[in-house]
Amino acid sequence: MADAGEMVNVARTQVDLVLPDGVAGLNAADPLVSEMAALCDGSVIFFSISWEIPVLAAHRAKGGRCVFVDNGHVVLATGMDQTSVLDLGSITFSDSVQRPFATENILAAVGAAWALGITGDLIRAGIQTFDFAHAAPSDPIHGDEKHARHETSGKGERQTLGHDSAPGLAAFE
């Protein structure tokens with residue numbers, strides 16, 4: 001794909017296909033991705049490294065679900081109710097360059113697990129045992145590595161575009 005606009009057109013199809021009982025996980029910090037929420041027939045879980053993103057505040061005000069970082073903790077929020085599920089200080093990253101990419105990946109993964117009904121304790125255990133030394137950052141929507149992946153499990157189907165990137169987008173049904 002030649003540019004971010006073309007990749008957005010591809011990515012938006014994943015949100016267009018979310019059924020009324022499905023969930024789309026969208027990066028609130030990326031306007032190209034967060035605007036796709038309007039295309040979703042199901043619910044949306046926004047994620048962001050910063051809890052101060054206006055998209056998160058508006059979504060929470062409507063009772064929506066969000067995953068974000070607050071005081072070094074990964075937080076799950078439904079409306080104004082929130083629960084810390086993970087202290088990011090307990091995670092060892094291979095280098096400081098990897099940390100922002102890995103943190104966004106953690107937030108996307110936590111949102112995906114939450115959408116599938118996985119408990120906070122299991123989410124925490126999964127993140128704490130993940131090998132971040134082998135996780136490679138990429139940014140398909142903004143032009144780095146371009147990849148898409150399809151996974152299935154007993155709980156449902158997952159389409160992920162930009163999974164290892166800031167503009168991460170995932171649909172869960």
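**Chat about helix H3 and the strands around it**

Modeller: Quick note before you ask: this is a predicted model. On the other side of H3 from its buried residues, Pro54 and Ala61 are exposed.

Colleague: OK, so which residues of H3 are buried?

Modeller: Leu56, His59 and Arg60. Looking down the axis of H3, those buried residues fall within an arc of 95°, so they line one face of the helix.

Colleague: Why would residues three or four places apart point the same way?

Modeller: An α-helix has 3.6 residues a turn, so that spacing brings them round to the same direction.

Colleague: And what covers the buried residues of H3?

Modeller: The cover includes strands E2, E3, E4 (73-78) and E5 (81-87).

Colleague: Anything to flag just after H3?

Modeller: Gly63, which takes a positive phi of about 85°.

Colleague: Switching to the strands. What do E2, H3 and E3 make together?

Modeller: A β-α-β unit, and a right-handed one. H3 covers residues 54-61 there.

Colleague: How many bridges join E2 to E3, and is the pairing parallel or antiparallel?

Modeller: 4 bridges, and the two strands run parallel. One pair to look at is Ile45 with Arg65, its bridge partner in E3.

Colleague: What about E1 and E2?

Modeller: E1 (residues 23-27) pairs with E2 in the parallel sense, over 5 bridges. Leu26 stands opposite Phe46 in E2.

Colleague: Last one: is E2 mostly covered or mostly open?

Modeller: Mostly covered: 5 of the 6 residues in E2 (residues 43-48) are buried.

Definitions and conventions
Residues numbered from 1 in each chain as written. Predicted model: local features only at pLDDT ≥ 70, side-chain atom pairs only at ≥ 80, totals over all residues. Heavy atoms only, no water. Buried < 20%, exposed > 50% of the residue type's maximum accessible area, 1.4 Å probe, protein only. Pairing = 2+ DSSP bridges. Right-handed = clockwise from strand over helix to strand, strands pointing away. Arc of directions from axis to C-beta. Contact = heavy atoms within 4.5 Å.
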